Amino acid sequence: MNFGALYSTFETYPSGKGSSVHILHMINAMAGILSPVTVCCLDGGDEAPERSDARYLRFNEKEPNYLERARRFSIWLSRILRESSSFEIAQFRDIWSGLPIIESRKAWFTVFEVNGLPSIELPYRYPDLSRETMRKIRSIEIHCLVEADMIICPSAVIRQCIQSFGIPADKIRVLPNGAEIPETLASPSPVSGKYIIYFGALQKWQGLDVLIRSFRFLKDYHDLKLVICSSLQDKYDVPYLELVEKYSLAGRVAWFHRVDKNMLNSLIRGSLFTVAPLKDTARNIIQGCSPLKIFESMANAKATLASDIPAVREIITDGFDGFLVQPDRVGPLARAMRKMIDFPSRTESAGLHAQETVRKKYLWDHIERGLKELYLSNMIFTAN
């Protein structure tokens, strides 16, 4: 008998963040094996891409305190689980979902999808969190990692981080992020002239401040612009707007917020290249990452200039399908951008190679198929 599947995330879904794309394809993979799929997430996002074989339950309490909101989300999910039949599989993206799922014992098979760990990421957002609070969060993380039947993560660096908690390697599977190559050419870019582009979220570890500081050294390219396409609301722009003003760059920086996929593809396609200046932080180096912005740039046949860190080296081969530069260094980043501008044929060639890399290794269809195979090889149930 088929009892369906559960996917739970303590995130707004859908949203303009890259995580929303990842969530969509995880749900697609589940729906390809089991139905119906119950999706539990935060309310407040854009209109959901509803599936006929899924039901969407949204937590809509507006509690401003992050940890209190997480606690209430866990209580809400626990109530849903108590009132539900058993699931053949339950996949969770965070510990706030994982704890009630594991404790409910309502799933025959549980999958912890680790894209980041709050014990590493939360101190960047909330530096005043106490040691005791962080100790409790780490304890919940380890409990979820130990009790989950399988762990999936998008990079080998994250896998190494998980193993450092004593989790056996054979329990962890690396399933990289991906992209879709646009079937048709994007509409013309709304930005005229030459520009480079940063797109994505604006957290400190993304390194946008380093990019802005570096861009000031390219003022001799009089017609060159920097396009910043943020997946967040414009209220998060403030510290970067101050930098733009400080370096007298206001007339050369164009801002876009929460654009749709077609518009984003247009902006990427119209650029000279994209930049992913990730910082040398514990979040990026010890925990690891798998930046969707890099995959999406590659899918649009654009070279990415990215920080030379282990997680990025899993994706980009320097000089072939992208370019790497020392992280956190304003001067080297400016020189690397200058080289990519001055040698356009080299830059364009890397972009074409990047798209071929995606076609061979990182199409979302390939990633979804890999996840389905993991489900099928680790579970005992009758596939639809």
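Colleague: Hi! Which ring does the charged end of Arg216 sit over?

Modeller: Hello! The ring belongs to Tyr247, and the charged end of Arg216 lies 4.4 Å from its centre. Keep in mind as we go that this is a predicted model.

Colleague: Good to know. Where does Ser248 come in, and what is its phi?

Modeller: Ser248 comes just after H8, and its phi is positive, at about 55°.

Colleague: Let's stay with H8, then. Which of its residues are buried?

Modeller: Helix H8 covers residues 238-246, and its buried residues are Tyr240, Leu243 and Val244. These residues lie on the same side of H8, because they cover an arc of only 100° around the axis.

Colleague: And what is on the other side of H8?

Modeller: There you find Glu242, Glu245 and Lys246, which are exposed.

Colleague: So what covers the buried residues of H8?

Modeller: The cover includes helix H7, residues 208-215, and strand S10, residues 253-257.

Colleague: Tell me about H7. How many of its residues are buried?

Modeller: In H7, 7 of the 8 residues are buried, so this helix is largely enclosed by the rest of the structure. The buried ones are Leu208, Asp209, Val210, Leu211, Ile212, Ser214 and Phe215.

Colleague: What covers those buried residues of H7?

Modeller: Several elements take part, including strand S8 (194-200), strand S9 (224-230) and strand S11 (274-276). H8 and helix H13 (330-342) are also among them.

Colleague: Changing topic: how many aromatic pairs does the structure hold?

Modeller: There are 10 aromatic pairs in the structure. One of them is formed by Phe10 and Tyr66, and it is edge-to-face, with 5.5 Å from centre to centre and 75° between the planes. This pair links distant parts of the chain: Phe10 is in strand S1 (residues 5-12), while Tyr66 is in helix H2 (residues 66-82), 56 residues apart.

Colleague: Are Phe10 and Tyr66 buried or exposed?

Modeller: Phe10 is buried, and Tyr66 is buried too. Another pair is Phe73 with Trp76, which is tilted, with 5.5 Å between the centres and 40° between the planes.

Colleague: Where do Phe73 and Trp76 lie?

Modeller: Both are in helix H2, 3 residues apart, and that is about one turn of the helix. Phe73 counts as buried because its relative accessibility is 0%. Trp76 has a relative accessible area of 12%, so it is buried as well, the cut-off being under 20%.

Colleague: Which residues form one aromatic cluster with these?

Modeller: The cluster is made up of Phe10, Phe59, Tyr66, Phe73, Trp76, Trp96 and Tyr126.

Colleague: On to empty space. How much of it lies in the second largest pocket?

Modeller: The second largest pocket holds about 280 Å³ of space. Its lining includes Leu67, Glu68, Arg71, Trp96, Lys136 and Ile140.

Colleague: Which helices each supply at least two residues of that lining?

Modeller: H2, helix H3 (95-104) and helix H5 (131-147) each do so. H2 gives the most to the lining, with 5 residues.

Colleague: What about cavities, how many of 30 Å³ or more are there?

Modeller: The count comes to 3 cavities of 30 Å³ or more. In the largest cavity there is about 60 Å³ of space. Val21, Gly178, Glu180, Pro182 and Trp364 are among the residues that line the largest cavity. The elements giving two or more residues to this lining are helix H9 (261-269) and helix H11 (292-299). H11 provides the largest share, 3 residues.

Colleague: Back to H5 for a moment. Is Glu141 in that helix buried or exposed?

Modeller: Glu141 lies in helix H5, and it counts as buried because its relative accessibility is 0%. Leaving aside its neighbours within four places in sequence, Glu141 is in contact with Ile95, Phe112, Leu117, Pro118 and Ser119.

Colleague: Last one: where is Arg105 found?

Modeller: Arg105 is in the loop between H3 and strand S5 (110-113). With 72% relative accessibility, Arg105 counts as exposed. Its C-alpha atom is separated by 56 Å from that of Leu249, and the two residues are 144 residues apart along the chain.

Colleague: Thanks, that helps a lot!

Methods:
Residues are numbered from 1 along each chain as its sequence is written. This is a predicted model: local features need pLDDT of at least 70, side-chain atom pairs count only at pLDDT 80 or more; totals for chains, interfaces and linings use all residues. Side-chain values use heavy atoms; hydrogens and water are left out. Rings of Phe, Tyr and Trp (its six-membered ring) pair if their centres lie within 6.5 Å; planes under 30 degrees apart count as stacked, over 60 as edge-to-face and the rest as tilted. Helices (H or I, at least four residues) and strands (E, at least two) are DSSP runs, numbered from the N terminus. Buried means under 20% relative accessible area, exposed over 50%, partly exposed in between (1.4 Å probe, protein chains only). A charge sits over a ring if NZ of Lys or CZ of Arg is within 6 Å of the ring centre and within 35 degrees of the ring normal. The arc is that of the directions from the helix axis to the C-beta atoms. Contact means heavy atoms within 4.5 Å. On a 1 Å grid over the protein atoms alone, a cavity is a set of points where a 1.4 Å probe fits but cannot get out, and a pocket is an open set with protein on both sides within 12 Å along at least five of seven lines; lining residues have an atom within 4 Å of a point. Grid points are joined across faces, edges and corners, and a volume is the space filled by probe spheres set on the points.
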